[in-house]
Amino acid sequence: MKMLDRYEEVVGPAEVQRLRQLAARLGQRRIVHVNSTRSGGGVAEILGWMIPLMQELGLNASWEVIEGSADFYRVTKTLHNGLQGLPIILRPADFDLHLENNRENARRLNLEADIVFVHDPQPAFLPRFTPKGKVGRWVWRCHIDASRPNRSVWKHVEKAVLDYQATIFSMAAFTRPLPCPMFLIPPAIDPLSDKNISLSEEERMETVRRLGIDPDRPLLLQVSRFDRFKDPLGVIAAYRLVKPYQPNLQLVLAGGPADDDPEGSEVLREVMDRAGQDPDLKILLLPPDSHRTINALQRSAIIVLQKSVKEGFGLTVTEALWKGKPVIGGACGGITLQVHDYHTGFLVHSPEGAAYRIRYLLRYADKRRRMGRTGHEFVREHFLLTRHLRDYLTTLLCLDDPGEGALVA
Amino acid sequence: MAYVEPFALFDCSLARQAIGSSCSNLRDLLEALRSAPDTVLEHHMMRCALDDHFELYEFPNDLARWCWDALGDRLLAEQLGLVDPYQHPSMASVRSVLVNMIEDRLWGLERVPWCRPGLELHLISSRVIAFDTGERLGTLAAFAQALPGMSVRSLYFHVHESRRRRREGADDFSTWLELIGADAALVNRLRAVDFYFLNLNQLRQEFIDAFRYHLADPNILLKVTA
């Protein structure tokens, strides 16, 4: 069975047919995506499904990955953080290393194409070092919130962006003024991935029991890194405010271990201290490939929280909505695009706000179920990978025929 | 009666672009309305219907919603919610009404309303990319059967976009139904639907209800929607 056929079962044959019709208007366009890794991280995950789906749609799509030394990846990790506005220090030699690496990769990679999508800042300088005429159009796909970057990092990255004909950001709030068009394509989830696919009841129950969670009692869940921006202490505070009214309530905070992140380790210590000896409050440190475990936890929760105070798009919210769970989320970033009061959950601004909404949702099972159904349909309409792919195809058509008026393709 | 081509069903997608500016307060919004390209006004006043999903969404355009949710200016939100851009001959006319409304509001306020950080209105421009789905509906019954399964984007293209595309300001559906000699009462009912104040799912339901009422055999629809 082809990949697209499997998605037909989720989004319906008409949606997949529309993708085929849009793609047919692009012919056998040669498209190359370039990023910095073939596995691990959100971008590699997206390209992992996007390349084969584009190929199935008849586009001549391929995926190139830049190579670099450990020192290069140290520099680009710092650039990545700086682009998100974290305080960083980079020396002129670090910026030079970035340029030099991209010069070498431009020589090595097969970039001959009608359109090259360059993902994130690591390969951003490829256009500068690629012979003119080899690439029809360059498009920079920035997956990061670049709205308030570190100044020195932005000065560096901005020079690269000048060589692009267009950019793509996930949300308007993540952009900065640039001289080329800034298309908007929100991210999406793959409904057939291990993280989101339907699980058997046996697997779900086996997972929660293995983790020491009582499947018969209500479970609150937050899945996120142990990071101050995700406000895990605020989640614990909200849980404690509700617990006297719902003594059987359980809370799970699930995230990855923070071995290589000093600040993450510190936050994790504070979270552990705050959790104390409460047997109903579990901190789970899961390996990065625990997709099915996360899936089972999300399906077992009665309410999912994402009480961030600063957030990117918040795909954990999308995942929870897809599983029919109401979400209580911090009013920031992409959470505000997904959580709509009384429709898919509630936006909150404090632990007290979260506690109030938890009590409300625990009290009204019918509203909880209705929000769950609405959230599931909302994600089906707006945040599945078929929509993501459709947006890419639409962008490609726009690049072919720039203008303002309606385009009949 | 002259031969009438079957109805050609189109679908559409929106290509959205950030223009790199945002509004934090009512004065910013006024400035944006004065200077932003028409495509920005079109997006926030009309094409935002394609982002809409929920029933009972209070307002039909982004500007009214932002004034209500982010600025907390309920009076202005109510006024903006009532501006129906499809009743205006041009975007210049819509712009003039909006600017006048906000100038008037600012005139009467002692303090300019601001939003909390994170709730800014990020200005977006958009473009409709329409394409022929290849589906052809040759009879009233075929049309009625297709309606429940039509994508909201097709509805947007044939109802909202059509009002701007066609000089006479009608939707594609009723125009075609009139051409094939459908019941005038059905045609008139479809044209009378206050489409701007409905989200696209509600609009589809209104149309289904109209067909159900006027079709000789309403079971055609029942069979599909059951």
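How far apart are the mean positions of the positive and negative charges of chain A? In this predicted model, the mean positions of the 54 positive and the 50 negative charges of chain A lie 3 Å apart.

The secondary structure of chain A consists of 16 helices and 13 strands. Its radius of gyration is 22 Å, close to the 22 Å given by the globule rule for 409 residues, so chain A is as compact as a globular protein of that length. Along the principal axes, the C-alpha atoms of chain A occupy a box of roughly 70 × 50 × 35 Å. Among the contacts in chain A with a separation of 6 or more, 70% are accounted for by residues 24 or more positions apart. Of the 409 residues of chain A, 57% are classed as buried, while the area that chain A exposes comes to about 16,900 Å², of which carbon and sulfur atoms supply 50%.

The largest nonpolar core holds 114 residues, and the members that touch the most other members are A:L111, A:V116, A:W140, A:F169 and A:L393. Helix α3 of chain A (residues 42-56) contributes the largest share of this core, with 9 residues. A second, separate core comprises 71 residues and includes B:M46, B:L63, B:L177 and B:V187. The surroundings of A:W140 can be given in detail: when residues up to four places away in sequence are not counted, A:W140 touches A:L83, A:V118, A:D120, A:P121, A:A124, A:V157, A:V161, A:Y164, A:A166, A:T167, A:I168 and A:F169.

Elsewhere in chain A, A:T344 is located in the loop between α13 (335-338) and β12 (345-348). With a relative accessibility of 0%, A:T344 counts as buried, because the cut-off for that class is under 20% relative accessible area. A:T344 is separated from A:V379 by 35 residues in sequence and, from C-alpha to C-alpha, by 10 Å in space.

In chain B, helix α8 (residues 172-179) has 6 of its 8 residues buried, so this helix is largely enclosed by the rest of the structure. The buried residues of α8(B) are B:D172, B:F173, B:S174, B:T175, B:W176 and B:L177, and B:L177 is also included in the second core described above. The elements that cover the buried residues of α8(B) include the strands β1 (7-23) and β2 (121-137) of chain B, together with the helices α6 (140-146), α7 (152-165), α9 (184-192) and α10 (200-214) of chain B.

Methods:
Residues are numbered from 1 along each chain as its sequence is written. Chains are lettered from A and ligands numbered from 1 in the order in which they are written. This is a predicted model: local features need pLDDT of at least 70, side-chain atom pairs count only at pLDDT 80 or more; totals for chains, interfaces and linings use all residues. Side-chain values use heavy atoms; hydrogens and water are left out. Helices (H or I, at least four residues) and strands (E, at least two) are DSSP runs, numbered from the N terminus. The radius of gyration is taken over C-alpha atoms; the globule rule is 2.2 Å times the number of residues to the power 0.38. Buried means under 20% relative accessible area, exposed over 50%, partly exposed in between (1.4 Å probe, protein chains only). Contact means heavy atoms within 4.5 Å. Accessible areas come from the Shrake-Rupley method with a 1.4 Å probe; for residues, only the protein chains shown count as cover. Lys and Arg count as positive and Asp and Glu as negative; His and the chain ends are not counted. The place of a charge is taken as NZ of Lys, CZ of Arg, CG of Asp or CD of Glu. A nonpolar core is a set of buried Ala, Val, Leu, Ile, Met, Phe, Trp, Tyr and Cys residues joined through side-chain atoms within 4.5 Å.
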